[in-house]
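This report covers the pockets and one surface patch of the structure shown below.

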Amino acid sequence: MLRIGWAVFSGVVLGILGLADAQASATVSDISSSGDGGLYAELLQNRAFQQVTPGTSGALNAWQAVNGATISVIRESVPVSNALPNALHVVIPTGHSGAIGVANIGYSGIKVTSGTTYTGSFFYRFPTSSSFRGTATVSLQSSSGSTLGSTTVSISGAQTSWAQVNFTVRPGSTPANLNNRFVVTLDGAAASGQTINFAMFSLFPPTFKNHQNGLRQDIASVLQELGPSFWRFPGGNNLEGQTVATRWQWNATIGPLQNRPGRLGDWGYINTDGLGLFEYLTWCEDLNMEPIMAVWAGFALGGTSVAENDLGPYIQQAVDQINFVIGGTNTAPGALRASLGHSAPFKLNFVEIGNEDFFASDTYTYRWTNFVNALKAAFPQIHFIATTDIGSPVLTPKPTEYDVHVYQTPTWFAQNSFFYDDIQRDGTKYFEGEYAAISLNSSDVFGHRLLFPTMQSSAGEAAFMTGLERNADIVFAASYAPLLGSVISNQWTPNLVGFDAGNVYRSTSFYVQKLFSLNRGDEYLPSTLPSRTGTLHWSVVRKTSANQIIIK
C-alpha cells in the first residue's frame with residue numbers, strides 16, 4: 001500500500017499512504033509562514049509578544065500606534081502567565097481627542113468579509129489603579145481608515161490584575177483589498193493620561209469545522225481536496241531547534257494559549273505554537289489521516305548532539321509525548337489529553353526518531369539505539385522510523401522503516417523512477433518523506449530553485465511517483481514537501497500550495513498529487529515496464545471496489 005502525501009517542512013507532511021491503501025499526505029513544518037500566518041487561522045501577528053526583546057523596535061513587529069499613543073513592549077512585573085512575560089504598554093497622551101490606541105496589520109494583511117463573525121479576545125490591566133471607567137472600541141479598518149466593523153467592550157481603571165475581554169466583530173462591508181487592520185482604541189479625551197498594559201491578543205475568522213483555535217477554512221479545504229492519507233508532524237527541521245533549549249517540545253504546545261511560550265523556529269521567525277500537538281491530532285481526525293509523528297532525538301541543528309549518558313530525560317519526554325497521544329487516562333499525559341476534551345486515545349502507528357539525522361549520523365548510531373530500544377519496549381505496537389541515509393551508518397537494532405528525502409531536478413526524478421525497483425526486499429519499508437523537483441540546474445540544485453512548480457517539474461515528479469506506486473510493496477508512504485508557503489514571505493521554494501492573507505494558489509504539482517491520490521488502486525498490475533532510459537512512464541492499478549483498472 002502506498003500512501004501519498006505532502007509536506008510543509010517546518011512541521012507537517014500531508015501525504016498518500018499505500019497503493020489501494022496508498023495514502024496521499026503532507027509534511028508540515030513551520031517554514032514560509034506555513035503554520036502561523038498560514039494554516040493556523042489566527043489573524044494577528046506577534047499577538048502575545050513571545051520571545052521578543054522588550055524595548056526594541058523589533059518587539060513591536062506588526063503593531064502600530066494610533067493617533068499619538070505611545071506604545072512599547074515591556075517585561076511585565078506581573079505577567080499574564082509564566083509563559084508570557086511581555087506585555088504591550090500603552091500610554092494615552094494628554095491633550096488629545098478622538099480614537100487613540102493600537103493597531104495590528106496581521107500577516108501581510110487581514111481578510112475582511114462582510115457578514116462574517118470574527119471572534120477575539122485580549123487581556124488588560126492598569127499598572128496603577130485609576131478612576132477611569134469607559135469603553136474600548138475594537139474594530140476592523142481598511143487601509144484608508146474606514147471602519148468595516150466594530151464593537152465596544154468595558155474597561156475599568158480599577159482592574160490592576162489581568163482580566164480577559166472577549167468580543168465579536170461582524171463587518172458590514174467587504175474592502176477592495178487585504179490591507180486592513182485590527183484596531184483597539186479609547187476615547188482620547190476620556191482616557192487622557194491613562195496607562196494600560198495589554199497581553200495575549202487574538203482574532204479568528206470562522207475556522208475549519210468550527211474548531212476553537214482552529215485552522216483557516218480555505219487552506220484546510222484545499223488540503224482536504226487532495227484526499228490525504230497521513231500527516232507528518234511537527235517537522236521537518238523545525239523539530240530540532242538550533243539549540244537543545246530551542247527544540248520543539250510537545251508539552252509547550254498544548255493547553256490555554258496564554259500558557260504556550262512559543263519559540264524561535266528554525267526558519268528565522270517566532271512560532272506561537274498555537275498550532276500545537278493537540279491541534280495536529282484533531283486535524284488528523286478531521287480528515288481521517290494517519291499521523292506520522294516525530295520525537296526529538298538528541299540532535300540540534302546548531303551541531304549539538306546530546307551525550308549518550310545524558311539522553312534519559314529526552315527519552316522520557318518522548319515517552320510522555322507518545323502517551324499524550326495514545327496513553328490511558330491512568331497516565332499523566334493521557335489524563336492531560338482527557339482534560340482537553342479527548343479522553344479516548346488518538347490513533348498512532350508511526351513515530352519518527354528525529355529528522356534528517358544524516359546531518360549527525362556519527363551520533364545517531366547511539367541515539368537511535370537508546371531511543372528505539374526504550375520506546376519499543378514501552379510501545380511495541382508502534383513502527384519506529386529511522387531518519388539517516390538507508391543503511392549508512394549501520395544501526396542497531398536494524399530499522400524496519402526509513403524516511404527518505406530528496407530534492408532534485410525533473411530529469412533526476414524521471415531517471416530515478418526505478419530507484420526502488422533495485423532495492424533489496426529484506427523486510428525494510430520506506431517512507432519517501434520529502435521530495436520535490438525544485439530546480440532545473442543539476443549542478444546547483446539548491447542555489448537555482450524554481451519559484452513555483454512548473455509543468456516540467458511536475459511531470460518529473462509524476463514519473464517518479466509511478467515508480468513509488470510500482471514499488472508499493474516496500475514504499476508505504478510518500479509526501480511532497482514543502483506543502484505550504486506564503487507567496488509574500490517565504491524561506492523556501494517551490495511549494496505545493498501557495499497562499500496570502502486572502503487567497504490560496506494550487507500549483508501544477510498540486511494537481512499531480514491530487515490525480516495520484518484520488519486514483520488509487522488496491523492492486524498493482526504488472527505490465528511491460530517503461531524503459532529506464534525512456535521518456536514515457538506509466539503505472540497500472542486495479543481498484544477492486546469500483547471494478548476499475550486505472551492507468552496513469
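## Pockets and a surface patch

In this predicted model, the residues that line the largest pocket divide into twelve nonpolar, 17 polar and three charged. The volume of this largest pocket is about 810 Å³. Its lining holds 32 residues, and those closest to the centre of the pocket are F204, Q212, N213, G214 and L257. Four elements each give two or more residues to this lining: the strands β7 (118–125), β10 (163–169) and β12 (195–204), together with the helix α3 (277–286). The largest share comes from α3, with five residues.

The second largest pocket encloses about 430 Å³ of space. Among its 22 lining residues, Q45, N61, Y107, Y269 and I270 lie nearest the centre. By class, this lining has seven nonpolar, twelve polar and three charged residues.

The table sets out the lining classes of the two pockets.

| Pocket | Nonpolar | Polar | Charged |
|---|---|---|---|
| Largest pocket | twelve residues | 17 residues | three residues |
| Second largest pocket | seven residues | twelve residues | three residues |

The surface also carries a nonpolar patch. L451, F452, V487, I488 and Y505 make this patch, which has an area of about 500 Å². One of its members, L451, sits in the loop between β20 (429–437) and α8 (455–470). Is L451 buried or exposed? L451 has a relative accessible area of 59%, so it counts as exposed, the cut-off for exposed being over 50%.

Technical notes. Residues are numbered from 1 along each chain as its sequence is written. This is a predicted model: local features need pLDDT of at least 70, side-chain atom pairs count only at pLDDT 80 or more; totals for chains, interfaces and linings use all residues. Side-chain values use heavy atoms; hydrogens and water are left out. On a 1 Å grid over the protein atoms alone, a cavity is a set of points where a 1.4 Å probe fits but cannot get out, and a pocket is an open set with protein on both sides within 12 Å along at least five of seven lines; lining residues have an atom within 4 Å of a point. Grid points are joined across faces, edges and corners, and a volume is the space filled by probe spheres set on the points. Ala, Val, Leu, Ile, Met, Phe, Trp, Tyr, Cys and Pro count as nonpolar, Asp, Glu, Lys and Arg as charged, and the others, Gly among them, as polar. Patches are made of residues with over 30% relative accessible area and no salt bridge: like charges are joined within 9 Å, nonpolar side chains (Val, Leu, Ile, Met, Phe, Trp, Tyr) within 5 Å. Accessible areas come from the Shrake-Rupley method with a 1.4 Å probe; for residues, only the protein chains shown count as cover. A salt bridge is a side-chain nitrogen of Lys or Arg within 4 Å of a carboxyl oxygen of Asp or Glu. Buried means under 20% relative accessible area, exposed over 50%, partly exposed in between (1.4 Å probe, protein chains only).
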